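Visitor: Please show me the sequence and the structure, and then guide me through some selected contacts.

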Amino acid sequence: MEALEEALFPSNIYCICCGSLIDGTRNYSLCDDCMKKLHWINGRSCGKCGKSLPDTYRGNICYDCLGQRHNFVRGYSCLTYGLYERKLLMDYKYGGKGYLSKKLGDILYDRISCEKLDIDVIIPVPIHRKRAASRGYDQSALMAERLSRLWGVPLERNSFVRIKNTPFLRSLGPAERQACMEGAFAPVKMKEDRVKGKKVLMVDDIYTTGATADAFAGALTKSGAAGVWLLTLASGGNRRPDNL
């Protein structure tokens, strides 16, 4: 089916980031320039959340993780969120380009498949039903669907919901984000046992301070998950707090 779709609607014609013409040999449908401009996390990364760490940074844990405890075991990320990553994700989330999920899911797969993880189930971090309705799709769920197909790990999409339609968190500080996300997720009635005793990989598009990831990981743990790991397409930089 996928081969037929690709034959009828080939995806490797235009770069998914800048729109320039490409050929079918380009990884993730990205032109050479955009591959170079995107900030790939190929070097050192935070041993807790997966953010990129510069070579000059002495520790193994980023500034954010030094100041807080997380509800997930370990996080992994593919890109550092910058100008080009922002354009790509804004097009995907708000530009009606849900079809980009295949290429972005490929990126997730290439990142996580090299890790020695024994995962029982993949669960995308849910978005509120009103936000999904306005966009027409759940961006994290589509990427997780692609990852599940490539990795061969089962996907669980409908056992948890976001019960709070929280505001956009980018304008809030860490403590405000944490307070805003408290109690934001809950298991669907009669599906509370879907994660009991299982090792779960959460999938989301962006990781910044960890408020969303911690809230959802907490809900999964409360429902009996044996452990929760995190995979995101992009994450913020390792920014030094003002009080240090």
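**Charged pairs, a helix crossing and a strand residue**

Visitor: Is D106 buried or exposed?
Guide: The relative accessible area of D106 is 15%. Values under 20% count as buried, those over 50% as exposed, and those in between as partly exposed (1.4 Å probe, protein chains only). D106 is therefore buried.

Visitor: What kind of model is this?
Guide: Residues are numbered from 1 along each chain as its sequence is written, and side-chain values use heavy atoms, with hydrogens and water left out. Local features need pLDDT of at least 70, side-chain atom pairs count only at pLDDT 80 or more, and totals for chains, interfaces and linings use all residues, the model being predicted.

Visitor: Which residue meets D106 in a salt bridge?
Guide: A salt bridge places a side-chain nitrogen of Lys or Arg within 4 Å of a carboxyl oxygen of Asp or Glu. The partner of D106 has its N at 2.8 Å from the O. D106 lies in helix α5 and the partner in helix α7, so the pair ties together parts that are 40 residues apart in sequence. At a relative accessible area of 11%, the partner is also buried; the residue is R146.

Visitor: How is the crossing of α5 and α7 classed by its angle?
Guide: Helices (H or I, at least four residues) and strands (E, at least two) are DSSP runs, numbered from the N terminus. The axes of α5 (residues 101-112) and α7 (residues 139-151) come within 8 Å and cross at roughly 55 degrees. Angles under 35 degrees count as roughly parallel, over 145 as roughly antiparallel, 65 to 115 as roughly perpendicular, and the rest as oblique. On that basis α5 is, relative to α7, oblique.

Visitor: Which residue is linked with D23 and D32 in a network of salt bridges?
Guide: D23, at 35% relative accessible area, is partly exposed, and D32, at 43%, is partly exposed too. The N to O separation is 3.4 Å for the pair with D23 and 3.2 Å for the pair with D32. Both salt bridges involve the partly exposed residue of 27% relative accessible area, namely R26.

Visitor: How far apart in space are A186 and R162?
Guide: A186 is found in strand β4 (residues 185-187) and is buried at 18% relative accessible area. Beyond its neighbours within four places in sequence, A186 is in contact (heavy atoms within 4.5 Å) with S159, F160, V161 and I163. A186 and R162 are 24 residues apart in sequence, while their C-alpha to C-alpha separation is 6.6 Å.

Methods. Axes fitted to C-alpha atoms, helices over the stretch in contact; angles between N-to-C directions.
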